[in-house]
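Got the viewer open? Load the model, switch to cartoon, and let's walk through it one selection at a time.

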Amino acid sequence: MEKMSMSIEDYLEAIVMLGGTTQSAVRSVDIARELNVSKASVNKAINTLKDRGLAEQPFYGDITLTEEGYSYGQSVLERHRLLTRFLVEVLGIPADCAEEEACEMEHAISDESFENWKAYIQKVTQ
């Protein structure tokens, strides 16, 4: 899948974190709270997600993800969680700093590099 902008990835990740799936919807106000953005910003981002076929939302309704959107959001969330754990547990970086840095790193690392890194971590931690 084509790489999305950091902002779009953050919205997909937030929807998944809030429990959004292809069957379970989330409210835009909850997304706004999670990302500390305005409801207008959420509306704009959701329209972008809908245009790209990653989310669905009936007129003024709650938001669900398409299969593609959910898969992409899960991928971003997995990156974030694994990178955070590595930074905290292996490198000893304080959790708040690790959270911020993992958020930056999750967007920058390529799929191939992430998969290679993940395989390496699994190998050395067994």
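We'll go from the whole chain to its cores and then to one loop residue.

**Stop 1: the whole chain.** Keep in mind that this is a predicted model. Colour by secondary structure and you should find six helices and two strands. Trace the chain from the N terminus and the elements come in the order α-α-α-β-β-α-α-α. Now switch to the C-alpha trace: along its principal axes it spans about 50 × 30 × 25 Å. How does the radius of gyration sit against that of a compact globule? For 126 residues the globule value would be near 14 Å, and the chain has 15 Å, so the two agree.

**Stop 2: surface and contacts.** Turn on the accessible surface: the chain exposes about 7600 Å², and carbon and sulfur atoms supply 50% of that. Of the 126 residues, 36% count as buried. If you draw a contact map, look well off the diagonal: among contacts with a separation of 6 or more, 61% join residues 24 or more positions apart.

**Stop 3: charges.** Select the charged side chains next. There are 12 positive and 22 negative ones, and the centres of the two sets lie 3 Å apart.

**Stop 4: the largest nonpolar core.** Hide the surface and show L12, I15, I31, I46, L49 and I63 as sticks. Within this core of 20 residues, those six touch the most other members. Which elements give two or more residues to the core? They are α1 (6-17), α2 (28-35), α3 (39-51) and α4 (67-90). Of these, α1 gives the most, with five residues. In soluble globular proteins, nonpolar side chains tend to be buried together.

Centre on L49 for a closer look. Leaving out residues up to four places away in sequence, L49 touches I8, Y11, L12, I15, L54 and A55.

**Stop 5: another core.** Apart from the largest core lies another one, of eight residues. To find this second core, select L87, I93, F114 and W117, which are among its members.

**Stop 6: T22.** Finish in the loop between α1 and α2, where T22 lies. Is T22 buried, partly exposed or exposed? Its relative accessibility is 25%; buried would need under 20% and exposed over 50%, so T22 counts as partly exposed. Show what surrounds T22: not counting residues up to four places away in sequence, this threonine touches T64, L65, T66, E67 and Y70. For a last distance, pick the C-alpha atoms of T22 and Y60: these residues are 38 apart along the chain, and the two atoms are separated by 18 Å.

Conventions: Residues numbered from 1 in each chain as written. Predicted model: local features only at pLDDT ≥ 70, side-chain atom pairs only at ≥ 80, totals over all residues. Heavy atoms only, no water. Helix = DSSP H or I, 4+ residues; strand = E, 2+ residues; numbered from the N terminus. Rg over C-alpha atoms; globule rule 2.2 N^0.38 Å. Buried < 20%, exposed > 50% of the residue type's maximum accessible area, 1.4 Å probe, protein only. Contact = heavy atoms within 4.5 Å. Areas by Shrake-Rupley, 256 points an atom, 1.4 Å probe, with all protein chains shown as cover. Lys, Arg positive; Asp, Glu negative; His and termini not counted. Charge placed at Lys NZ, Arg CZ, Asp CG, Glu CD. Core = buried A, V, L, I, M, F, W, Y, C linked by side-chain atoms within 4.5 Å.
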